[in-house]
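Biologist: I would like to go through the packing and the cysteines of this model. Please show it first.

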Amino acid sequence: MSSNTTIYVPDLGGADQVEVIEILVTVGDQVAPEHGLINVEGDKASMDIPSSSAGTVAAILVNVGDKVSEGTAIVELATGETQVQATETSALALESSAVQEVTAPEVAVALRSLLVPDLGGADEVEVIEVHIAPGDFIEKEIAVVTLESDKASMDVPAEFSGKVVSLAVKVGDKVSEGMKLAEVEETSLAVPSPASPAAPPQSAASTPQASSPQNQSSQVGRSAPAQQLAVPVQSYEEVHASPSVRRFGRELGVDLTQIAGTGEKARIVKENVQDYVRKTLNQPGRAGRGAVSVPDPVNFAQFGEVEHVPFNKIKKLTGQHMEYCWSTVPHVTQFGEVDITATEAFRQDHKDEAMQKGVRLTLLAFVMQVLAQTLQEFPHFNASLDPNGEGLLVKKYCNLGMAVETPAGLVVPVIKDVIGKSLLEIAYEMGMISKKAREAGLTPADMKGGCMTISSLGGIGGTAFTPIVNAPEVAILGVSKSYHKPVLVGDEFVPRLMLPLSLSYDHRVIDGAEGARFLTRFAELLSDIRNLLL
């Protein structure tokens, strides 16, 4: 008797719904338990849905692009005695010529090596994926390994069919043209006897029983590649990437059609996008469409004496982080100024009293206390994007970073738990951590956990600047040098002390109206420190 078995989507590990991105079987295929049927993808990962039974694919119940969840029917399998007997009979027919009464073809076996083909000019490439294993039966033109150079990736196809005896490479190896990839027993069939009334049986490499489930799944959807480095796809619809990676690419302004994926089945993963951005920044001439060529390096010594001054570790790390922040955060900078005449008068009245307590009362301490209060009123500024970029992680604490210039470079120590601390406590901690920074005594813990950063150039000069958001924070406040200007009060102009402000923020999180309201409220509180009591 024969019967049908329905295969359903199993537990998805917490995901409510996933997308079908690939069908791994066709109607009529023989499948074994654990053989992959479809490939699905959620926001975080992809997975193959395996068969729970052996049988013949009778019907496929889903299409690429469908959304499925736990319990969704995906495939109908023909199972039972009839199917089993048919499989056994087919196997016996291949093993016994007496049963079929045909003349068996002669089989020639030769041990051959699979070699790295012409790499299109590349000297050495890396093995990033191996698709075969010893014991596998492979067919001609099936991809056996995937290689990657600094420009693209390529699949290396088998030049002949046969059984894999041994592998000569592994993931991570560097290979060049002519190097051995694997040893394969090539099988060839002699022409059957003219007296044979039946068609010759298929070679072992082409029978369903000859190919392992892992090898079958690796063959599905792979066309025979040309023996040259692959070029990126030309259509965005052809891009093989998860929704989260597509969103990540859109946020960075990256054209995914210019990226060769290194994930399973050439899928583009997040690391590929990051590597592409990094290489584009370092080598703009390879940025793809619309790229601007980089001029050859200039030999400045031909014009006069030069000295090479290498960056220290702090400058290197700071530069790399700033490059990342500028290239990944869509910046908006809003400028303003605040009348600090009253606040500065208050500071002057109490700075001697503070000094007697061992505290240097600076304007920056007032800025930090007011900023902490403003963050309480505008919680989206005290947040970070979640890893998927689909929401915010709003922080219920308030730690503020302050950029400090040191002989070794710029560092950003963090004052913890600013809310609840008095003005003198904040000023004291700022003085201590600034001294620690200048003496190269900061620990990693001193520079972690910031919610927002203050960058002050007030002691140097300038009227405005564009501070770079210190990701994963979403905003940074820049403070320039205060100056006097005439302000109309009543019917006459009077001199007022003004403090220029530059607020940069992540436009994915904060829009212009919210940025303006934040800066206005900050200026209102800082203009008269007594406003904090209201």
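Biologist: Which residues of α8 meet Leu423, Ile426, Ala427 and Met430 in α9?

Modeller: This is a predicted model, where local features need pLDDT of at least 70, side-chain atom pairs count only at pLDDT 80 or more, and totals for chains, interfaces and linings use all residues. Residues are numbered from 1 along each chain as its sequence is written, and side-chain values use heavy atoms, with hydrogens and water left out. Contact means heavy atoms within 4.5 Å, and helices (H or I, at least four residues) and strands (E, at least two) are DSSP runs numbered from the N terminus. On the α8 side, the residues are Leu364, Ala365, Phe366, Met368 and Gln369.

Biologist: At what angle do α8 and α9 pack?

Modeller: Axes are lines fitted to C-alpha atoms, for helices over the stretch in contact, and angles run from 0 to 180 degrees between N-to-C directions. Helix α8 covers residues 363–377 and α9 covers 423–438, with axes 9 Å apart. The angle between them is about 120°.

Biologist: Which element supplies the largest share of the largest nonpolar core?

Modeller: A nonpolar core is a set of buried Ala, Val, Leu, Ile, Met, Phe, Trp, Tyr and Cys residues joined through side-chain atoms within 4.5 Å; buried means under 20% relative accessible area, exposed over 50%, partly exposed in between (1.4 Å probe, protein chains only). The largest such core has 51 residues, and Val367 and Met368 are among those with the most contacts inside it. Elements supplying at least two residues each include α9, β27 (492–506) and α10 (512–527). The largest share, 10 residues, comes from α8.

Biologist: How many disulfides are there, and why is Cys398 not bonded to Cys451?

Modeller: A disulfide is a pair of cysteine sulfur atoms within 2.5 Å. Cys398 is buried at 4% relative accessible area, and Cys451 is buried at 0%. The sulfur of Cys398 has its closest cysteine sulfur in Cys451, but at 5.5 Å the pair is too far for a bond. The count of disulfides is zero.

Biologist: Is Ala403 buried or partly exposed?

Modeller: Ala403 is in the loop between β20 and β21 (404–406). Leaving aside neighbours within four places in sequence, Ala403 is in contact with Leu410, Val411, Val412, Thr453, Ile454 and Ser455. Its relative accessibility is 23%, so Ala403 counts as partly exposed.
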